[in-house]
Structures are given as C-alpha cells and as structure tokens.
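Open the model in your viewer and keep the sequence panel visible. The tour moves from one selection to the next and says what is found at each stop.

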Amino acid sequence: MQADGERENDWPTVLDGHIREKERFYRRLAYGVLRSADDAADVCQQAFLRAWEQRDRIRRPGAIGAWLARVVINESYCFLRRGRSEQRMLEQRSHSVADVPGPAELAERRDMVMAALAQLSEPIREIVTLRTMQGMSGSEVSKLLEIHPSDVSRRLHDGLDQLRRILGDGQTPRGG
C-alpha cells in the first residue's frame, strides 16, 4: 500500500482508481440533472477529461470525490444550457429559413404586384412606383412631379390601400 504522499504524486493512478470505483455514482449524479443515460455518459466523459486536465488543482486525494462531483454537476448544467441554446438557434433558423421565399415564389409575387400596379390609376401608380420601388423620398417625388408634398402622401396612402385590397382578396380598386 502506498503512503498518502506517494499517492498525491501519482495522479494517473489516483484519478483512474477513483473514477473506476465511483463511475456509476457520477453517472447517476449526471442522470439526475439530465434525465438521459446517454447524455449522462457523455457528460461524465467530459467531466473526467476536465478532471484530468485540472488535476493539479486538487491538493488532497481525499477531496477528489467532492471536487469531481462538482465538475460532473457543472458539466451537466452546461450541457443543458448548450442544448437549450442550440434548440433556440435551430428554431430561429427554421423560422427564418421557412419565411424566406424561393426564386419561383419571388417571381410569382413580383408578377402579382406588377399586375396589381397596372390596375391603379396613372397618377397613383406613378407615386407608388417612385416612392416604394425607386426609393425616392416624398420631397423628391414632389419636386419631380411638381405637386404638393401632401398630395404625394395622400396618393401614396390611397395607392397602398388599393394594392392591399387587390393583392389581399382579388377585388378591383375603387375609382381614382
């Protein structure tokens, strides 16, 4: 039998012996947090690796059990947090990817908007096109068409309303 001083310097033997003796305990500890035997086994492996990497932090071999138990619990909670973060990212990514239309759908939408624009009266279509499709400001459109800025705003509002009705339920725009 080795003296305590000799065992402290023989970390591979001390750590290996402790893990072999208490492995089931650490797996049950991780399972208590994770509720999955496979995840508990993965976390224990990670904790044992971390214990080996940080073995110089343990001063007394008798303290290795409490220290390793804390490492297993911490690794279990980190595992849960990572899983939740990954799940949120996947959910966000699936929502954002699902919301992005493909090229065929974009072409179809563009054709629908162009057909709806064609149904608007000339003065309203002109302002809607300049403001929304060309990105001009209200004052730029006002100067270009030589009309009052309030007329630009009113016609834009009317035109967008008409487009919503045309695209929303297939109705034709009212007068204009």
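In which hand does α6 pass α7? The crossing of these two helices is right-handed. Note before going on that this is a predicted model.

**Stop 1: the α6 and α7 pair**

Select residues 122–133 for helix α6 and residues 138–145 for helix α7. Their axes come within 10 Å and cross at roughly 135°. The two helices are therefore oblique to each other. In general, a packed pair of helices is described by two quantities, the angle between the axes and the distance between them.

Now show side chains at the interface. On the α6 side, pick Glu126, Ile127, Leu130 and Arg131; these meet Gly138, Val141, Leu144 and Leu145 of α7.

**Stop 2: arginine 131**

Stay in helix α6 and centre on arginine 131. Is this residue buried, exposed or partly exposed? Its relative accessibility is 29%, so arginine 131 counts as partly exposed.

Draw a C-alpha to C-alpha distance from arginine 131 to valine 141: the value is 7.3 Å, for two residues that are 10 apart in sequence. Then list the contacts of arginine 131, leaving aside neighbours within four places in sequence: Met136, Ser137, Gly138, Val141, Val152 and Leu156.

**Stop 3: serine 142**

Move to serine 142, which sits in helix α7. With a relative accessibility of 9%, serine 142 counts as buried; the cut-off for that class is under 20%. Which residues does serine 142 touch, once its neighbours within four places in sequence are left aside? They are Ile147, His148, Pro149 and Val152. Val152 also appears among the contacts of arginine 131, so keep Val152 selected for a moment and view it with both partners.

**Stop 4: glutamate 146**

Go next to glutamate 146, in the loop between α7 and α8, the latter spanning 149–169. Check its backbone torsions: phi is positive, at about 55°, although glutamate 146 is not a glycine. At 73% relative accessibility, this residue counts as exposed.

**Stop 5: arginine 35**

A second positive phi can be inspected at arginine 35. Here phi is near 60°, again in a residue other than glycine. Arginine 35 belongs to the loop between α2 and α3. Its relative accessibility of 59% makes it count as exposed.

**Stop 6: the α2 and α3 pair**

Select the helices on either side of that loop: residues 11–34 are α2 and residues 37–53 are α3. How close do their axes come, and at what angle do they cross? The axes come within 9 Å and the crossing angle is roughly 145°. The crossing is right-handed.

For the interface, colour the two sides separately. The α2 side is Trp11, Pro12, Leu15, Ile19, Glu23, Tyr26, Arg27, Ala30, Tyr31 and Leu34. The α3 side is Ala37, Asp39, Ala40, Ala41, Val43, Cys44, Gln45, Phe48, Ala51 and Trp52.

**Stop 7: the aromatic rings**

How many aromatic pairs does a search of the whole structure find? There are 2. Phenylalanine 25 and tyrosine 26 form an edge-to-face pair, 5.2 Å centre to centre with 70° between the planes. Phenylalanine 25 counts as partly exposed at 38% relative accessibility, whereas tyrosine 26, at 1%, counts as buried.

Tyrosine 26 also pairs with phenylalanine 48: the ring centres are 6.0 Å apart and the planes are at 75°, so this pair too is edge-to-face. Why does this pair link separate parts of the chain? Tyrosine 26 lies in helix α2 and phenylalanine 48 in helix α3, so the pair ties together parts that are 22 residues apart in sequence. Both tyrosine 26 and phenylalanine 48 are buried. Select Phe25, Tyr26 and Phe48 together to see the cluster that the ring pairs link.

**Stop 8: the whole protein**

Clear the selections and return to a cartoon view. The secondary structure comes to 8 helices and 0 strands, in the order α-α-α-α-α-α-α-α along the sequence. Of the 176 residues in the protein, 27% are buried.

Switch on the surface. Its accessible area is about 12,100 Å², and carbon and sulfur atoms account for 50% of it. On a contact map, among contacts with a separation of 6 or more, 56% are between residues 24 or more positions apart.

Notes
Residues numbered from 1 in each chain as written. Predicted model: local features only at pLDDT ≥ 70, side-chain atom pairs only at ≥ 80, totals over all residues. Heavy atoms only, no water. Phe/Tyr/Trp six-rings, centres within 6.5 Å; stacked < 30°, edge-to-face > 60°. Buried < 20%, exposed > 50% of the residue type's maximum accessible area, 1.4 Å probe, protein only. Helix = DSSP H or I, 4+ residues; strand = E, 2+ residues; numbered from the N terminus. Contact = heavy atoms within 4.5 Å. Areas by Shrake-Rupley, 256 points an atom, 1.4 Å probe, with all protein chains shown as cover. Axes fitted to C-alpha atoms, helices over the stretch in contact; angles between N-to-C directions. Parallel < 35°, antiparallel > 145°, perpendicular 65-115°, else oblique. Left-handed = near helix turned anticlockwise from the far one by under 90°.
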